[in-house]
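Please look at the protein shown here. A colleague and a modeller will then discuss how its parts are arranged.

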Amino acid sequence: MKRELLRMDHVNLEAGGERLLDNLNFQIFAGEIMGLVSRSFKGHDQLIGLIGYNRPITSGTVWYDGKIVNSYSYSDGSANRVYVIEQKSHLVEGLSVVDNIFVLRSGFRKYFINEQVLLEQTERFFQENGIHVDISKRVNALDSLERCLVELGKALLLGCRLIIVDNPGNFLSQHELPEFQRMLRKVRDDGVAVLYIGNHHQEVFRIADRTSLFYDGQIRKVFERDEMTDRAIAPYIMEWQDQNQLPDLDFEDGVLHFHHVHSGSLNGLQFVLHKGECLTLLDMDNRIADDILGLLTGGSACARGRITLEHELYTPKRAARYLDEGVAVIPKDPVEHLLFPHRTYMENLTFLLDRKLGRSLIPGRIYRSIRDEYAPLAGAAIDETNILNLSLEEQMSLIYYRVQLLHPRVLICIQPLARGDMLCRRKILSLIRESLRQGTAVLITTTNVSDTLEISDRLMVVEGGICTAAYDKPEFDRIAR
């Protein structure tokens, strides 16, 4: 018989006059992997926070391990035995694996530390749990998978019976993710519960025993094992689909060419990107994004091979002026890197437009014309004087609107769907689609194709710095399966 580990019964949580969790009913059993797919980001952080800590709620009751731990009448702020593995590391970078596992553990009371004993204990514990990591390393020398495995080991040592894994496809490569999922299945089989949160339902369906669809602070549907199919979830996501089709592409000429490029982790990478085309590079090793950005923005040069932009050699000197050359970049964390927090919406939108126009001041008539053009798209946000007040979807839209104003030849997007809820990601897809309609060539690098296949015309798999497979759009259905 299944043992219930967590139950949230009719939980409501309000903050700032907004209901973030709305009559939420949710349960997880010991020894299961519960998937969670968020349609909207609303309530996402609050749900994770309430599972881990018994903070005040507006109404409802929370049970953990058979006991009431939180209710509308009493919340003591105590922590439940829950561990969260997410993009942000919870390990101390400058210390060793052993120090992170034992010395920093709550309840460790020894004044004199026998390092050899702790090393042996850590090695024995990891072996018993099937965790294969070089424990002599310092944390800052671990790769993404090793870091996650160490955090998993730490969670088990702390006695956590529930482990929350938040969007691992955003920070693990296509090689690393299956290995980490294998370990999650092992801890599941040992009786530990896992809440697996994913950006895309297909990723979650592959590992989950059940999957919950989370939307606006509510669990709208729980899919049992035999229901976790594209057909079953289709009615719930149909309304998000953008039915607009792209115009036929003109493949007569290429815009950007990589000719057997060697640089950093690139070992002879070759591809051609055409006007109005979206090409996705699936980075199996999670290593090529920085090298490609360095080459296209002047940070590095080809050791061998060459890059051409519209058949002219793209030298490091040209790359240093990449914006003037018609190359735009949206990095993985664009809000932090591309927006000015305390500037107005219009100041952010028109930033760099002076370079496009070739003049230091933007004429008033052009400024007014831009405002009139984007007001219907941005809505009330266009009058915002501090963009920190905008939602993530509005901030991301602002970034893509700025790019569209520049009408670049090439747009480089690094993991464009790594942030935000489903609705935000749908918006990003529509914004990329609009850039394609303008004739911009879009190059996406990602470690998880997920929804990017929807707008891609071609997919190239890059492994060891070179293309190992290529697929055209008619073959995408087979890839997704």
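The questions and answers below treat the nonpolar cores and one sheet.

Colleague: On what basis are the values given?

Modeller: Residues are numbered from 1 along each chain as its sequence is written, and side-chain values use heavy atoms, with hydrogens and water left out. The model is predicted: local features need pLDDT of at least 70, side-chain atom pairs count only at pLDDT 80 or more, and totals for chains, interfaces and linings use all residues.

Colleague: Which helix gives the most to the largest nonpolar core?

Modeller: A nonpolar core is a set of buried Ala, Val, Leu, Ile, Met, Phe, Trp, Tyr and Cys residues joined through side-chain atoms within 4.5 Å; buried means under 20% relative accessible area (1.4 Å probe, protein chains only). The largest core has 44 residues, and Phe126 and Val150 are among those that touch the most other members. Helices are DSSP runs of H or I with at least four residues, and strands are runs of E with at least two, numbered from the N terminus. With seven residues, the main contributor is helix 4 (residues 144-157).

Colleague: What is the order of strands in the open sheet of six strands?

Modeller: Two strands pair if DSSP finds at least two bridges between them. Strand 17 (residues 410-414) and strand 18 (residues 441-446) pair in the parallel sense over five bridges. The edge strands, each pairing on one side only, are strand 16 (327-330) and strand 20 (466-472). The pairing is mixed, and the order is 16-17-18-13-19-20.

Colleague: Which residue in strand 18 stands opposite Ile414?

Modeller: Strand 18 covers residues 441-446 and pairs with strand 17, residues 410-414. The residue opposite Ile414 is Thr445.

Key
Buried < 20%, exposed > 50% of the residue type's maximum accessible area, 1.4 Å probe, protein only.
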